[in-house]
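Biologist: Got a minute to go through this one with me? I'd like to start with the aromatics.

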Amino acid sequence: NYISPSNAIVVGSSQFEFTWLTSDSGLAGLSTTQPYLFQLYNSTNCSGGAVFTANPLTASQTVTGLVDGQIYSASVTVSDEAGNTSVPFCSPAVTV
């Protein structure tokens, strides 16, 4: 499981779409109500407090309002129907 930017970021763009791949080898399957916890950070390694949090139902999240010249990273935690959660996975950093 990992997070991967879906396309090259354009300098000066105020939005970016993060996408990721997930797999669930357990019997419960991914949660149908909150499968993902997405968190955005103003750091290179998902450290500090999250500046944006969402619970997308699909394996992508578009973030708007990004600041030119700022470095961002994102983490995703995956949940299954049995209530198990993964370790958060951190994306490579992107600079707007």
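Modeller: Sure, ring rule up front: rings of Phe, Tyr and Trp (its six-membered ring) pair if their centres lie within 6.5 Å, and planes under 30 degrees apart count as stacked, over 60 as edge-to-face and the rest as tilted. This is a predicted model, where local features need pLDDT of at least 70, side-chain atom pairs count only at pLDDT 80 or more, and totals for chains, interfaces and linings use all residues. Residues are numbered from 1 along each chain as its sequence is written, and side-chain values use heavy atoms, with hydrogens and water left out.

Biologist: OK, how many aromatic pairs does that rule give?

Modeller: The count is 5 aromatic pairs. Take Phe16 and Phe18: their ring centres are 5.0 Å apart with the planes at 75°, so that pair is edge-to-face.

Biologist: Is Phe18 buried or exposed?

Modeller: Buried, with a relative accessible area of 0%. Buried means under 20% relative accessible area, exposed over 50%, partly exposed in between (1.4 Å probe, protein chains only). Phe16 is buried too, at 3%.

Biologist: And how far apart are the ring centres of Phe38 and Phe52?

Modeller: They sit 6.2 Å apart, and with the planes at 70° this pair is edge-to-face. Phe38 is in strand S3 (residues 36–41) and Phe52 in strand S4 (residues 52–54), so the pair ties together parts 14 residues apart in sequence. Strands here are DSSP runs (E, at least two residues), numbered from the N terminus. Phe38 is buried at 0%, while Phe52 is partly exposed at 30%.

Biologist: Which residues do the ring pairs link into a cluster?

Modeller: Phe16, Phe18, Trp20, Tyr36, Phe38 and Phe52.

Biologist: Switching topic: how do the side chains alternate along S5?

Modeller: In S5 (residues 60–64), Gln61 and Val63 point to one face and are buried, whereas Ser60, Thr62 and Thr64 point to the other and are not. S5 runs antiparallel to S2 (residues 15–21), joined by 5 bridges; two strands pair if DSSP finds at least two bridges between them. Thr19 stands opposite Ser60.

Biologist: Last one: which backbone nitrogen does the Asp80 side chain reach at 3.0 Å?

Modeller: That of Ala82. The backbone nitrogen of Asn84 is also 2.9 Å from a polar atom of the Asp80 side chain. Asp80 itself is buried at 12%, in the loop between strand S6 (71–78) and strand S7 (89–90).

Terms used
Helix = DSSP H or I, 4+ residues; strand = E, 2+ residues; numbered from the N terminus. Polar contact = N/O pair within 3.5 Å; in protein donor to acceptor, adjacent residues only side chain to side chain.
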